[in-house]
Amino acid sequence: MPSGTMGLQSLQQLIESQFAGACVSVDLLRIASSVASPYQGRVALSLVVDAECCLDRLYGGYVSDWICGGQWNRMLQFLASLVQTLHAHNLHLAVFFNGSLEPPRMHEWVRNQLAARSNIYQVLRHLHTKGTPPPKVWWVPPSTLRTALRLALRHLKIAVLSSVDDHHQEVIGFCRDNHFHGILAEDAEYAIFDPPRYFSSKQLKLTYKGSLETKEFILDEVAKGLNLNPNRFCVLAALLGNFLLTDADLREFHKRICEENQTPLNQPEGVIRAVASFVRELPSIDNLESVGAKVFNSTTDGRVNRFKQAVNYFLNGTREQYGRHKNATLLRQHNHHNEGKNHKHGIAAHETKARKLASEAADEEQNEIPDAVPSSSDQPQEEVVENGGYVNGGSQPHGSSSGSSSGATSPHRDREAWGGPKSAEGQYQPSLPPVAAEVLRTAYERHRRGLMSPYMYQLLTQGEIRLPVVLEDQCHREVPNIQLFYRPVRQMVYAILFNLHHHTFLAEKQREQQTDKSETNGVTNGSSTPSNSASTGSYVPPQSLNGSGTATQSNPLIPEIKIREWVWTAANPYRHPEIVVAAAVGWPVPTVHRLWFGTSMDDKKRRLRAFLSCLHADTALMLNPDYVPQHLLILACVLRYIMAASQGTILQKQELDALIVQAFAMEITNPNYLQDLQLTKVSARGVQLATLVMEGVETALLVNDACGSPVPWPVCCPWLFFDGKLFHTKLSRTQTVRDLHELCEHRGDLIMKVEKLRKAILDGLVLTPLPPRPPALAPMHDPAWAPRDFLAGPFNVNLPSGLKRGGQGQRRGVARGGQLEVAGVVVSSWVPNYGGPRGRGHMGSASGRGGGMMPAQNMAPPQRNGHVHYSTRGGRAARGGRRGGHQATQRKQNNATSTNTATANASQSNGKASVNSNESCDSNRGVKLLTHETIQPEVNGEEVAK
């Protein structure tokens, strides 16, 4: 979905629908062959792609199984075919992702997220009622899609870039600076900027006949259709509504001009034509002050100033004004460079490139970055000061890439300058601890080249992070809020990035020295100068850290590390940011400078230990390749964190096995097989579990970047260990197989791999017994279609096997309760079936023969590390064998007043034989009341008599 506002998007829709000559179908491959190249071997056609406008196209078009969690191998196959076609026809692409916070567009981002949240609600409702993939109109980007696209394009040697300050300005600036032939996007702002050529990303299609079809927007035809001079398009865009001057600010103006032109206000086409008529009749647009006064009927209205800012914003992106805007930007960079010469580090900081991470090869990154990416010498550098080479973590580098600044409308600004979000107390957040200039410079370079999570640079420069909505049900009682579930991991990331341990260590040292001076009247005893690096010996966390790892106010010398997180919750749907305090990792973590650039063997071990510690995976088995293969380390750490943080209350054993089995399956690397694979039903629980895992992968990659990339990026790619469709297939099979052997199709090597990885994930974890899941109250949680394990909840009690034989509508078993008598004494009973959906009885922790709810206190939870059977084979018994259904029974002792002494004596002599005879008789008939998972104690005559 484009990020433009409603007014400009209405203009985009008008161009596509009303102006026939302005939207022409083209074949990009034919255009590439017709473009003359003056040099042999030079790229004939170069296009800049705004990835935010075509996420679904880059994903491979609309795929109905996107809801399953991500078809990453199929996406990689599509991108490989696309890249192969582009190279064969000498066509080059540079893909831009939005990596900037863009504070002026905050309301626009919130509106887009709320629209996505509405689609998510419709999707989950559709899954609960029908269990089939949702329609295309509700498409929502799967979790980790942007990260997977960056990794895939990097794998395929495609230029990937990420914006720093203003996304739209940087895209058009990159296109003009590198002399690209056009832009591939779907946003009306680019039409106002008047690029060399403007192609539709929404209509992009790679056909089987070998053509790359799309539509081209002819802006001259747009000007003819509106009967408006193109040099007035900027004023038109400012008066239609944008992120600086919103639709609400212009509502009175739109109402007035619609009444004058007798056009309906509720039709976007009528409003656009009325505004175009108003702009056409203006005598001149040179004096924006007078135009604003005419629009708002006042010269002192604050909207007049915003109107001028909006017009200048669009002018800075046009071909006529871009040259002057670029010269002004270069002049500011030149002045900054001259000022930096006075510092001893200034020349080195400007002339040298950003330092590479020690965990990556020196030549690897340079060979993978295409020549289309501007060199770092053309980019502004950070301010370097004398005391230790630090800059303020709340500031940004002066300047940006060419065209990234937008003059008065989007300058580099501090948090107070742009009027950023405030805390709950109504005050701005204190400045974060300083960040090393070399760290900030490296983060900036890697961020701009798409080599690092965009959250990293946003945290280091502005101390803020925006987390999008994901496919989750806020009413779900088993899966918590996913973004809040991974917040403890992010808190440790904040502590690593801003050197919480190092500052705490120095503060404690300084306080100890001050205490010693005060006690000895100025004589210091054993004081030493603290080192800039963390100590390698044993370290006891200071008392200023409470149980949660956050710094208290006992030592005022410890800086506060508070990050603003924008997280959607039912109580706070992006109304204000939540203030999150950094949490200590628990051991002396080195500074981020040493984590990133340290080259010794100890530094490598600490990088990996820091990564594992954030995910609660710092165990010996996790580093053993016999248990955890290298390409499954990310998935294993995520599953380990899910089990450890929730104490096993989220993932059931069969669900954990399904995730592990699909990662080891050979079919995961066969996109053709996965494409032909058919799903009988898509479960809402499976969708949410897939989202939980993929958001964990996104968080794990953020931790990896913060710790200096101890895990190489080629093994971080999600197509190596996850496929949503394959996971749903394995998850549905767990409902029909008995155990892991059948789930693995009796393949001994696969069973051994799964058991080893499961052991590494659960190593050392103490999982508490799980409570039964309460019945769902929301009507959308319809148990009629849901699998049995979904109804059972995380409590691993096997439900009865759907008391059916034959067709779906036939129910087996009595509808009323019953009792089992031995020698006239009631030894077991079950409650009646009250007509549960499809004969499965009321939802509960366990069910008897009639499907009723039984108490669970006599049932011990199964062992998680041992050999535990799954649920039965769909409630269908093998012919001639015992029934596969798990039927929970409970013995009830009879009161002394309800039986006489004679009956008790008879029971004492014949009770055990009667029970054995009854059990043997039931086995011969194919009915057995006891299961292989619940052990029933023997019933002897003495117990019955009592």
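**View 1. The largest nonpolar core of this predicted model has 166 residues.** If you would like landmarks to start from, pick L497, W596, L639 and I642, the residues with the most contacts inside this core. Helix α28, residues 684-706, supplies the largest share of the core, with 13 residues. Another core, of 66 residues, lies apart from it. Among the residues of that other core you will find L11, C234, F243 and I257.

**View 2. Helix α21 packs against α28.** Here α21 spans residues 487-497, and the axes of α21 and α28 come within 10 Å, crossing at roughly 15 degrees. Angles under 35 degrees count as roughly parallel, so α21 is roughly parallel to α28. The crossing of these two helices, α21 and α28, is left-handed. On the α21 side, the contact is made by V489, R490, V493, I496 and L497. Facing them from α28 are T699, L702, V703 and A706. Sorted by character, the residues of the α21 contact with α28 come out as seven nonpolar, one polar and one charged. L497 may look familiar, as it was also one of the landmarks of the largest nonpolar core.

**View 3. Helix α28 also packs against α29, residues 724-733.** The axes of α28 and α29 lie 10 Å apart, at an angle of about 130 degrees. That angle makes α28 oblique to α29. The crossing of α28 and α29 is right-handed. To find the contact, look for G686, V687, L689 and A690 in α28, which meet F727, H728 and L731 in α29. Five residues of this contact between α28 and α29 are nonpolar and two are polar, with no charged ones.

Technical notes
Residues are numbered from 1 along each chain as its sequence is written. This is a predicted model: local features need pLDDT of at least 70, side-chain atom pairs count only at pLDDT 80 or more; totals for chains, interfaces and linings use all residues. Side-chain values use heavy atoms; hydrogens and water are left out. A nonpolar core is a set of buried Ala, Val, Leu, Ile, Met, Phe, Trp, Tyr and Cys residues joined through side-chain atoms within 4.5 Å. Buried means under 20% relative accessible area, exposed over 50%, partly exposed in between (1.4 Å probe, protein chains only). Helices (H or I, at least four residues) and strands (E, at least two) are DSSP runs, numbered from the N terminus. Axes are lines fitted to C-alpha atoms, for helices over the stretch in contact, and angles run from 0 to 180 degrees between N-to-C directions. Angles under 35 degrees count as roughly parallel, over 145 as roughly antiparallel, 65 to 115 as roughly perpendicular and the rest as oblique. A crossing is left-handed if the near helix is turned anticlockwise from the far one by less than a right angle, and right-handed if clockwise. Contact means heavy atoms within 4.5 Å. Ala, Val, Leu, Ile, Met, Phe, Trp, Tyr, Cys and Pro count as nonpolar, Asp, Glu, Lys and Arg as charged, and the others, Gly among them, as polar.
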